[in-house]
Amino acid sequence: MRLHHLSATAFGPFAETVTVDFDELSAAGLFLLSGPTGAGKTSVLDAVAFALYGDVPGDRSTARSLRSDHAAPGVAPRVVLQATMAGRRFRITRSPQWTRPKKRGTGTTTEQAHVVIEERVDDEWSPLSNRIDETGHLITGLLGMNMTQFCQVAMLPQGEFQAFLRASSLERHKLLQQLFSTRRFQDIEQWVRDHARQLGRDAAEAERDVARAIDRIVEASDTPLPAEWEADQLGTLADDGALGDWVSSQVEAAANGAEAAESEVARTATALDRVSQAASEGQRVTALQQRGREAQAESSRLAAESADQQVRRDRLALAHRSAPMEPLHRHARSARASAERAAQEAATAWQQAAAALGDSDPDRDTVLAGARAARDRAAVATALRPREPELARLHDQVRDGREQATRLEADLGRRRQQVAELPARVTQLEGDLGPVRRQGDQVDEFERTLAGVAERIDAAERLVEVRAAAERARTHRDEVVEQCLALKEDWLEVREQRIAGIAAELAHDLAVGGSCPVCGSADHPHKAEATPGAPSAATEKAARKRLDDAELTRTAAEAALHESSLTLAALEQQVDGVPLEDLTTEQAEVTAQLTAARAAVQRGHELETELARARADLERARTEQAALEVELATTRAATDADAAAAERLRAEIDDVRGNHADLAALVAAETTLADTCEAAVRTRDRASQAAQVADDADQALTDWLSAHDFDDVDQALEALLTEAGTRALQEAIDAHDRSLERVAVVLDDPEVSAALALDTPDLTALEAAVAQARGEQERARGAATLAQRRKERLTALDEELTAALARWAPLRADHLVAAELAAFVEGKSAENELRMRLSAYVLAWRLGQVVAAANERLVRMSDGRYTLEHSDRRGGGEARGGLSLRVLDEWSGESRDPVTLSGGETFVVSLALALGLADVVTREVGGAELDTLFVDEGFGSLDADTLDDVMDTLDSLREGGRVVGVVSHVSEMRSRIPTRLAVTKDRTGSTLAIVHAQG
């Protein structure tokens, strides 16, 4: 990677835009980045790192803002870097997150960080990305290293490497871990550790399963474990078979108990069967004896009721013989009653028909002829009835047409009046709208004027405050100037007094036998003595410090006065001498004018709306007038036609209606007459038929009585029974017969006869014996069930324990192996003598490479005196080893701790270590070429010879066209490195400039 150009704006100490042309610096190969402390030398490196990675190295990355405190409020911080990476030229523009004033109103808002990366293609910049994450991935891929690696390789921070040189193994481990990829070895450590822990948890869980199985076996067998067994001996007991033998004995004992319990169940079952059979036989005999005695009693009762049974049979036979007469009698009575009713109805209907025809004694033909004539007249009227609604409709249409014509005449009159009045309204609104529009057009002008007046009022109000502040600043400046003059007089007076008494100071420093720095004599017979109260060098220095402090205060006061004066002049120019009262009055006048103009705008909108509405009303009124004229003519013509049609239809209906109110009344009257005549004929015919039916029914009843030997109807009716009486009589006969049959069956049963010949059994004693035998059997079954369950439970638990032991054994063995391996990998095992972790072992190998690379330069820079040594042993007070460093002094042959080196020696060794680490890291990330690198601070601690050796080493770094920048504020470096990038600081911020010393 080679840097070409850097530009930074409002970044760090740089308030304005500063630029660095690295191509110009590259011509020298070695350049000095110089400047006073705090000027911003390191900020140049921060700008490079920020452009590449969006962050700055070290503790400065924790700062809340990278924006310059000296920059103007609205200036955005930005860094632009042009660099060649992987043979391609890029331009990276980055801005950090910063807070700017709001563009509108007061307060601030946050601008987010952003980036743009471009590539130079065919002499044009082509954008690649504006996403922060994509740009980071792209640059990391091009350089092949992350930010930590880049800062260590390209910027060589000496302060950090001095700390690295003197650090403990653990601290070196943290730094090397950032530079070299040991993630896979850490992952191996973590995996081995997690694997051992997981196996430990699995083994513990398997052991708990074994313990739980043993606890359940003890509970199921109701037998405790042997007293000599300990809880922590489960593994040993399982391995030597003692645990399995004890469980097998418990299972065998449970099996024997279950077998004995089953034998007892069989014995009680046999005893229960025997007493149950005896009880059943007793119950059977008792039941047969009861049936026999009940049958004997029932047989005696039935024999006493035999006479009543015969009477019931005779009465039932008589009822069956008279039953067919009852429907004949009922039919004869019904037919006679129907004939009498029909005759009465026929007489009434005939009288009604005679009255309707106006004939006192008409015959059948006359009545039928009257009905036919009435039907014909009704048919004619019915045919004409549908024309009546048409007549009513025509009358309604005539009435509605005349009303519609009246309404249309009124509407037409109103529309004609509107058409005559609306043009004047339109003309009036058009005249009112013009002035209102002209007044509303002045709103923008009044708003601009009002804004200007408001700004001048604000300036006038601030002018009072700024004028007072300027006066206070001038007073404070005068006081500070007077104070500076007084302090300067004091300092000059002290200086003169000290110069006057300088001989006493020289005499005080003279030693016996020492030469006088003035005359060179070693004899001092009369030393000068200080007068009482004479000032010392410390007194003069203190006076000078007070003067310097006052000078700084004066500078600050003059700057504050200058700033107040500038602000005051700007405000006075803006106010232009106009009093605040006049500005307030002008503001009120413009506000009133603006209000009136805004009201005119609103009134203009209202007038435009009214004008549009009036024009629309006029057009609509003209259209509606024409439509109403056409509609009125059409309505009058239709009404006249309907009136003529109604008159013709009314004449036709009146000819048919006669004296009736309407055709419906005529149809109803004629239909009633026809119905009355026809009903009279039908009623007389039905009466004749009913009389014939009644005569036939009387004859049939008389013939039946004669055929069945009944004297008359009353005799036959008396023999009848109701359905319920017949059913009750038959049920009584059937019940008596069934009882006889049932009693005969029981008394003829040989078992009943045999049982009646025996004594009655004692059922109570038999039932007590059965209950006792059943209780004994239930107890035996319960005991057998418990014994069987215990046997099955212990058998299952034996299998469960065997499976748990089988799971536990390999887990226990694997855990022992994994735990030992984890302790070894983590450096906690006794077999790991160096107490070195796996990742530390890898880093120790890397550190060895770094030491070898560092010694190539250290031997030359130390003139062959010092070499670095990498030790696997632990240092004093260190818990882990593998990353210790020693310095071999070839002059004494002793290996020294780095903390014993002097400041200059520490710098030389640290620089060699940094360069060696840079070489190794470069090879680690794939050999990426870094054509620009920086060496930071520390040269002030070197003597001239050592500095020569160091400069030779730095000069050798330029091989292959590499550019080396040395960061230092040591003045001697300026004479050794002619090309400088000078950083200058002042109150407004730092600046950069390339300086070439004249050779």
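Which strands and which helix each supply at least two residues of the lining of the largest cavity? In this predicted model, these elements are strand S1 (2-11), strand S2 (14-21) and helix H2 (41-53). The count of cavities of 30 Å³ or more comes to one, and the largest cavity holds about 40 Å³ of space. Its lining consists of Leu6, Ser7, Ala8, Phe14, Val18, Val20, Ser43, Val44, Ala47 and Leu992. By residue class, the lining of the largest cavity contains eight nonpolar residues and two polar ones, with no charged residue.

Strands S1 and S2 also belong to an open sheet of six strands, in which the order is S2-S1-S4-S5-S8-S9 and the pairing is antiparallel. Strand S2 and strand S9 (124-129) are the edge strands of this sheet, and each of them pairs on one side only. From one strand to the next, the twist averages 20°. Strands of a sheet are held in pairs by backbone hydrogen bonds, and the pairing can be parallel or antiparallel. Within the six-stranded sheet, strand S5 (residues 88-95) and strand S8 (residues 114-121) run antiparallel and are joined by six bridges. Phe90 is placed opposite Glu119 of S8.

A further antiparallel pair is formed by strand S6 (residues 98-101) and strand S7 (residues 108-111), with four bridges between them. Arg100 has Thr109 of S7 opposite to it. S6 and S7 form a hairpin with six residues between the strands, and in this hairpin Gly105 adopts a positive phi near 80°.

A second open sheet has three strands in the order S10-S11-S12, and here too the pairing is antiparallel. Strand S10 (866-871) and strand S12 (894-896) each have a single partner strand and stand at the edges, so each has one side without a neighbour in the sheet. The twist in this sheet averages 35° from one strand to the next. S10 pairs with strand S11 (residues 884-889) in the antiparallel sense, over six bridges. In this pair, Ser871 faces Ser884 of S11 from the opposite strand.

Two helix pairs were also examined. Helix H13 (residues 387-440) packs with helix H17 (residues 580-657) at an angle of about 165°, and their axes are 4 Å apart. Angles over 145 degrees count as roughly antiparallel, and H13 is therefore roughly antiparallel to H17. The two helices, H13 and H17, make a left-handed crossing. The contact of H13 with H17 involves 29 nonpolar, 11 polar and 25 charged residues.

In the other pair, the axes of helix H11 (residues 325-357) and helix H18 (residues 663-707) cross at roughly 160° and come within 7 Å. It follows from this angle that H11 and H18 are roughly antiparallel to each other. The crossing in which H11 passes H18 is left-handed. Residues of the contact of H11 with H18 comprise 28 nonpolar, six polar and six charged.

Methods:
Residues numbered from 1 in each chain as written. Predicted model: local features only at pLDDT ≥ 70, side-chain atom pairs only at ≥ 80, totals over all residues. Heavy atoms only, no water. 1 Å grid on protein atoms, 1.4 Å probe; cavity = no way out; pocket = protein on both sides within 12 Å on 5 of 7 lines; lining within 4 Å. Points joined across faces, edges and corners; volume = space filled by probe spheres on them. Nonpolar A, V, L, I, M, F, W, Y, C, P; charged D, E, K, R; others polar. Pairing = 2+ DSSP bridges. Axes fitted to C-alpha atoms, helices over the stretch in contact; angles between N-to-C directions. Parallel < 35°, antiparallel > 145°, perpendicular 65-115°, else oblique. Left-handed = near helix turned anticlockwise from the far one by under 90°.
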